[in-house]
2 protein chains.
Amino acid sequence: MAETEIIHNEKTCNGKLVAIGDALYAIGGKWKLRVILALRSGNNRFNELQRTIPGISAKVLSNELKELELNGFVKRIVHTGTPVVVEYEVTPYSDTLHGILESLSDWGMKHKDKIRKQAGKDMA
Amino acid sequence: MAETEIIHNEKTCNGKLVAIGDALYAIGGKWKLRVILALRSGNNRFNELQRTIPGISAKVLSNELKELELNGFVKRIVHTGTPVVVEYEVTPYSDTLHGILESLSDWGMKHKDKIRKQAGKDMA
DNA sequence: CTGTATCCGCCCGGATACTG
DNA sequence: CAGTATCCGGGCGGATACAG
């Protein structure tokens with residue numbers, strides 16, 4: 001039956017839901033992706049990151065970096081010396097997010113278009 | 001240069017970041033996707049939804065449904081009669097989320113595997 | 001049944017000050 | 001510079017009661 005394409009199997013859906021939950025747990029939230037993007041664009045020091053990401057506080061940035069490190073997206077590198085320098089790097093694993101980022105941004109743009117058109121119609 | 005594939009253009013990235021923010025704003029959060037999934041699996045009445053989605057309160061469910069309706073994912077249908085029956089339906093627009101849901105769940109599953117393997121190594 | 005209103009505890013996160 | 005500790009206010013969301 002063709003309906004299975006639309007209706008889906010409930011157990012499959014639940015499994016996906018769990019997986020989606022896992023994904024959102026790891027990369028959801030206000031800052032995770034922004035931190036990763038900031039790191040990608042070449043800002044690797046703590047204070048540099050804080051300046052690059054508007055509105056983030058030291059405490060929150062610290063927590064985000066720890067979680068990102070736990071999840072394997074970021075590597076913390078301490079260069080001993082005088083003074084001590086700490087750098088953060090995105091790992092190759094963070095590249096696995098590429099597909100998600102692409103679909104999210106594609107959809108986000110289309111969605112905004114749709115919202116703008118609705119707003120236009122509301123005005124008329 | 002081949003590096004552009006990895007490093008990306010900063011303005012493009014910012015544009016994507018905004019779009020990703022828009023997307024997460026619309027479908028991010030704890031309940032949005034769960035509500036949509038519950039509706040898809042045939043639960044259309046308010047109390048039915050509340051029973052189907054573990055842990056959601058009436059207030060939160062009410063808010064989620066309003067936001068989902070505003071964003072065009074859900075249609076609210078009032079059947080006048082005695083008693084009045086209210087039903088919620090997913091709209092065809094919610095199908096546009098399919099790509100996002102697929103990449104999220106794919107990635108979520110792979111990510112969980114990776115975490116489990118790490119945990120296994122930690123034990124050894 | 002389908003919600004809304006109110007109360008309220010808790011936690012997120014901002015500001016600031018401080019340590020190494 | 002690289003964070004941590006503390007204080008604290010606002011808001012999210014749960015419980016309950018209530019309205020249509």
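**Note on the predicted model: DNA strands C and D, and three sites in the protein**

1. Among the atoms of DNA strand D that lie within 4 Å of the protein, 69% are sugar or phosphate atoms and the rest are base atoms. This is a predicted model, in which local features need pLDDT of at least 70 and side-chain atom pairs count only at pLDDT 80 or more, while totals for chains, interfaces and linings use all residues. Residues are numbered from 1 along each chain as its sequence is written, chains are lettered from A and ligands numbered from 1 in the order in which they are written, and side-chain values use heavy atoms, with hydrogens and water left out.

2. Around DNA strand D there are 14 residues, of which A:R45, A:S62, A:R76, A:Y88 and B:K59 come nearest; a residue is near a strand if one of its heavy atoms lies within 4 Å of it. By class, this surface has four nonpolar, four polar and six charged residues. Here Ala, Val, Leu, Ile, Met, Phe, Trp, Tyr, Cys and Pro count as nonpolar, Asp, Glu, Lys and Arg as charged, and the others, Gly among them, as polar.

3. Both protein chains contribute to the surface near strand D: α4 (46–52), α5 (58–70) and β2 (85–90) of chain A and α5 of chain B each supply at least two residues. Helices (H or I, at least four residues) and strands (E, at least two) are DSSP runs, numbered from the N terminus.

4. Phosphate oxygens of DNA strand D meet both side-chain and backbone atoms. One is 2.5 Å from an N or O atom in the side chain of A:Y88. Polar backbone atoms of A:F46 and of A:V86 are each 3.4 Å from a phosphate oxygen of the strand.

5. DNA strand C has 13 residues around it, and A:K59, B:R45, B:S62, B:R76 and B:Y88 come nearest. Sugar and phosphate make up 66% of the strand C atoms that come within 4 Å of the protein. The surface near strand C divides into four nonpolar, four polar and five charged residues. Its largest share, three residues, comes from α5(B).

6. For strand C, a phosphate oxygen is 2.6 Å from a side-chain N or O atom of B:R45, and 2.6 Å is also the distance for B:Y88. With the side chain of B:N47 the distance from a phosphate oxygen to an N or O atom is 3.1 Å.

7. Within chain B, helix α3 (residues 32–40) packs against helix α5 (residues 58–70) at an angle of about 80°, with the axes 10 Å apart. That angle makes α3(B) roughly perpendicular to α5(B), a label for angles of 65 to 115 degrees. B:K32, B:V35 and B:I36 of α3(B) make the contact with B:L61, B:E64, B:L65, B:E67 and B:L68 of α5(B), where contact means heavy atoms within 4.5 Å. Five of these residues are nonpolar, none polar and three charged.

8. A:E64 is in helix α5 of chain A. A:E64 counts as buried because its relative accessibility is 9%, the cut-off being under 20% relative accessible area (1.4 Å probe, protein chains only). Not counting residues up to four places away in sequence, A:E64 touches A:W31, A:K32 and A:V35.

9. B:S103 lies in helix α6 (residues 98–123) of chain B and is buried, at 17% relative accessible area. Its side chain makes a polar contact of 2.8 Å with the side chain of A:S103. A polar contact is a pair of N or O atoms within 3.5 Å; within protein, one must be able to donate a hydrogen and the other to accept it, and residues adjacent in sequence count only if both atoms are side-chain atoms. Leaving aside neighbours within four places in sequence, B:S103 is in contact with A:G99, A:I100 and A:S103.

Methods. Axes fitted to C-alpha atoms, helices over the stretch in contact; angles between N-to-C directions. Parallel < 35°, antiparallel > 145°, perpendicular 65-115°, else oblique. Buried < 20%, exposed > 50% of the residue type's maximum accessible area, 1.4 Å probe, protein only.
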